[in-house]
Amino acid sequence: MVIDDSNTIRRSAEIFLGQAGCEVILAEDGFDALAKITDFHPDLIFVDVMMPRLDGYQTCSLIKKHPRFKATPVIMLSSKDGLFDRARGRMVGSDEYLTKPFTKDSLLQAVGQHARQPV
């Protein structure tokens, strides 16, 4: 699953992951994602940090607090690369922190490291 308010980022991730044979579920924000997570049970979730309404930290925290999804890997996506941002991601339970713009290789490497069924 890719959660990002940017259509460009969602589309890029969908293309990169789709070319690698992944099934991709897209969500525009945290609320959209939370509704879809229970239906689709993604193996891995990429979430943008800066989104309206429910930011990536809040979204990650809610996912990780749910007993059914707390083991699902969550990878934060952000243009911010500071120590504080990375630490905050860890505090809410994220498994990794990728900076934007990401490359196809960095995205697929994260999938290979964290997905239950590696690419």
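**Exercise 1. Find which residue of E5 is the bridge partner of Met76, and place the pair in its fold.**

Step 1. Start with the names: helices (H or I, at least four residues) and strands (E, at least two) are DSSP runs, numbered from the N terminus. This is a predicted model, in which local features need pLDDT of at least 70 and side-chain atom pairs count only at pLDDT 80 or more, while totals for chains, interfaces and linings use all residues. Residues are numbered from 1 along each chain as its sequence is written, and side-chain values use heavy atoms, with hydrogens and water left out.

Step 2. Look across from Met76 to E5, and you will find Tyr97 as its bridge partner.

Step 3. Now widen the view to the strands. E4 (residues 74-78) runs parallel to E5, with 4 bridges between them; two strands pair if DSSP finds at least two bridges between them.

Step 4. Add helix H4 (residues 83-91), and E4, H4 and E5 form a right-handed β-α-β unit. Right-handed here means that, with the strands pointing away from the viewer, the path from the first strand over the helix to the second runs clockwise.

**Exercise 2. Work out what surrounds Glu96.**

Step 1. Locate Glu96 in strand E5, which spans residues 96-99.

Step 2. Check its charge partners. Glu96 is buried but has no salt bridge, and Arg90, the nearest side chain of opposite charge, is 7.0 Å away. Buried means under 20% relative accessible area, exposed over 50%, and partly exposed in between (1.4 Å probe, protein chains only). For charge, Lys and Arg count as positive and Asp and Glu as negative, with His and the chain ends not counted. A salt bridge needs a side-chain nitrogen of Lys or Arg within 4 Å of a carboxyl oxygen of Asp or Glu.

Step 3. Look for a polar contact instead: the Glu96 side chain has one with the side chain of His114, at 2.6 Å. The term covers a pair of N or O atoms within 3.5 Å; within protein, one must be able to donate a hydrogen and the other to accept it, and residues adjacent in sequence count only if both atoms are side-chain atoms.

Step 4. Complete the surroundings. Leaving out residues up to four places away in sequence, Glu96 touches Val74, Ile75, Met76, Arg90, Ala110, Gln113 and His114, where contact means heavy atoms within 4.5 Å.

**Exercise 3. Trace salt bridges that link distant parts of the chain.**

Step 1. The total is 7 salt bridges.

Step 2. Take Asp48 and Lys100, whose side chains meet at 3.0 Å, N to O. Asp48 sits in strand E3 and Lys100 in the loop between E5 and helix H5 (104-114), 52 residues apart. Asp48 is buried at 3% relative accessible area, and Lys100 is buried at 18%. Asp4 joins Asp48 and Lys100 in a salt-bridge network.

Step 3. Turn to Lys64 and Asp95, with their closest N and O atoms 3.0 Å apart. Lys64 belongs to helix H3, and Asp95 to the loop between H4 and E5, 31 residues apart. Lys64 is buried at 16%, whereas Asp95 is partly exposed at 27%.

**Exercise 4. Determine how H3 is covered.**

Step 1. Count the buried residues: 7 of the 10 in H3. Among them are Tyr57, Ile63 and Lys64.

Step 2. Identify the cover, which includes strand E1 (2-3), H2, E3, E4, H4 and E5.

Step 3. Inspect the N-terminal end of H3. Asp55 caps it, with a side-chain oxygen 3.0 Å from the backbone nitrogen of Tyr57.
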